[in-house]
Amino acid sequence: MPRLRKPRALPRRGTIGLAAPASALDMERVAIGEKRWRDAGFDVVYRDDIGARHRYLAGDDARRAAELHELWENPRLDAIVCARGGWGCHRIMDRLDAELVRTAAKPLLGYSDVTTLLLWQRRAVRLVGFHGPMLERPLADDEFEAVVEMLTGRERLPVARAGAEGGGGAAEGP
């Protein structure tokens, strides 16, 4: 089995592309999250139609898939942060271009329904994604800084200490 690749690191003053691949957004939360990234020194871009609605989704399937493709294709963008999860990512999987994602090698951050995209990316492209916070909920300062450190490649990996949270044991993995 081919090895997993890490995406390129987000430059410290890089550009974040926001995506809405699943449920419809609360644009007030998007504005708060955008400000947070800008205050941290990053540029933030997103499509004019990121707030689109098609029933409970952030626009129809074609809009959401096209948005991701544009973010992966755009050489100005250094990372993709999903604004929220919810439901709907599985509906666009057959529209995604694995070669485009492989070539772009950009960090992709999200959780909830975005896990579908992260798992697809891992299987189809062998590229690591980041299961982590989106714009739908505010983060404490230390949480936000941990996300920035992870995406910029400066992460302080947590250390599990025996007895600290539930005892010892053994673990194994790739």
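The loop between β2 and α2 holds R55, and in this predicted model the phi angle of R55 is near 60 degrees, a positive value in a residue other than glycine. Most residues other than glycine have a negative phi. R55 is exposed, with a relative accessible area of 67%. The loop between β2 and α2 also contains R53, which counts as exposed at 58% relative accessibility. Once its neighbours within four places in sequence are left aside, R53 is in contact with A24 and G59. The C-alpha atom of R53 is separated by 28 Å from that of V147, and the two residues are 94 residues apart along the chain.

A positive phi is also found at A105, where the angle is about 50 degrees although the residue is not a glycine. A105 belongs to the loop between α3 and β4, and at 13% relative accessibility A105 counts as buried. Helix α1 contains E34, a residue that counts as buried because its relative accessibility of 15% falls under the 20% cut-off. Leaving aside neighbours within four places in sequence, the contacts of E34 are with V44, Y46 and L135. The table sets out the accessibility of these residues.

| Residue | Location | Relative accessibility | State |
|---|---|---|---|
| R53 | loop between β2 and α2 | 58% | exposed |
| R55 | loop between β2 and α2 | 67% | exposed |
| E34 | helix α1 | 15% | buried |
| A105 | loop between α3 and β4 | 13% | buried |

**The sheet**

Five strands, in the order β2-β1-β3-β4-β5, form an open sheet in which the pairing is parallel. Its edge strands are β2 (43–45) and β5 (130–131), each of which pairs on one side only. Strand β1 (residues 15–19) is joined to β3 by four bridges, and these two strands run parallel; in this pairing L18 stands opposite V81 in β3. On from there in the strand order, β3 and β4 run parallel and are joined by two bridges, with L108 of β4 as the bridge partner of I80. Strand β4 (residues 108–110) is in turn joined to β5 by two bridges, again with the strands running parallel, and the bridge partner of L109 in β5 is F130.

In a regular strand the side chains alternate between the two faces of the sheet. For β3 both faces are covered, with A79 and V81 buried on one side and I80 and C82 buried on the other.

**Nonpolar cores**

The largest nonpolar core is made up of 24 residues, and those with the most contacts inside it are L68, W72, L96, V114, L117 and W120. Two or more residues of this core come from each of α2 (61–73), β3 (79–82), α3 (98–104) and α4 (115–125). A second, separate core has 23 residues, among them L25, A40, F42 and V81. Beyond its neighbours within four places in sequence, V114 of the largest core is in contact with P21, C82, R84, G85, C89 and M134. One of these contacts, C82, is also among the buried residues of β3.

**Helix α5 and the second largest pocket**

The buried residues F144, V147, V148, E149 and L151 lie in α5. An α-helix has 3.6 residues a turn, so residues three or four places apart point the same way. The cover over the buried residues of α5 includes α1, β4 and β5. After α5 comes G153, whose phi is positive, near 80 degrees.

The second largest pocket encloses about 210 Å³ of space. Its lining consists of 16 residues, of which G33, M134, R137, P138 and L139 lie nearest the pocket centre. The elements that give two or more residues to this lining are α1 (27–39) and α5 (141–151), and α1 gives the most, with five residues. By residue class, the lining divides into eleven nonpolar, one polar and four charged. M134 thus appears in two settings, as one of the residues nearest the centre of this pocket and as a contact of V114. Helix α1, in turn, both contributes to the pocket lining and takes part in covering the buried residues of α5.

Methods. Residues numbered from 1 in each chain as written. Predicted model: local features only at pLDDT ≥ 70, side-chain atom pairs only at ≥ 80, totals over all residues. Heavy atoms only, no water. Core = buried A, V, L, I, M, F, W, Y, C linked by side-chain atoms within 4.5 Å. Buried < 20%, exposed > 50% of the residue type's maximum accessible area, 1.4 Å probe, protein only. Contact = heavy atoms within 4.5 Å. 1 Å grid on protein atoms, 1.4 Å probe; cavity = no way out; pocket = protein on both sides within 12 Å on 5 of 7 lines; lining within 4 Å. Points joined across faces, edges and corners; volume = space filled by probe spheres on them. Nonpolar A, V, L, I, M, F, W, Y, C, P; charged D, E, K, R; others polar. Pairing = 2+ DSSP bridges.
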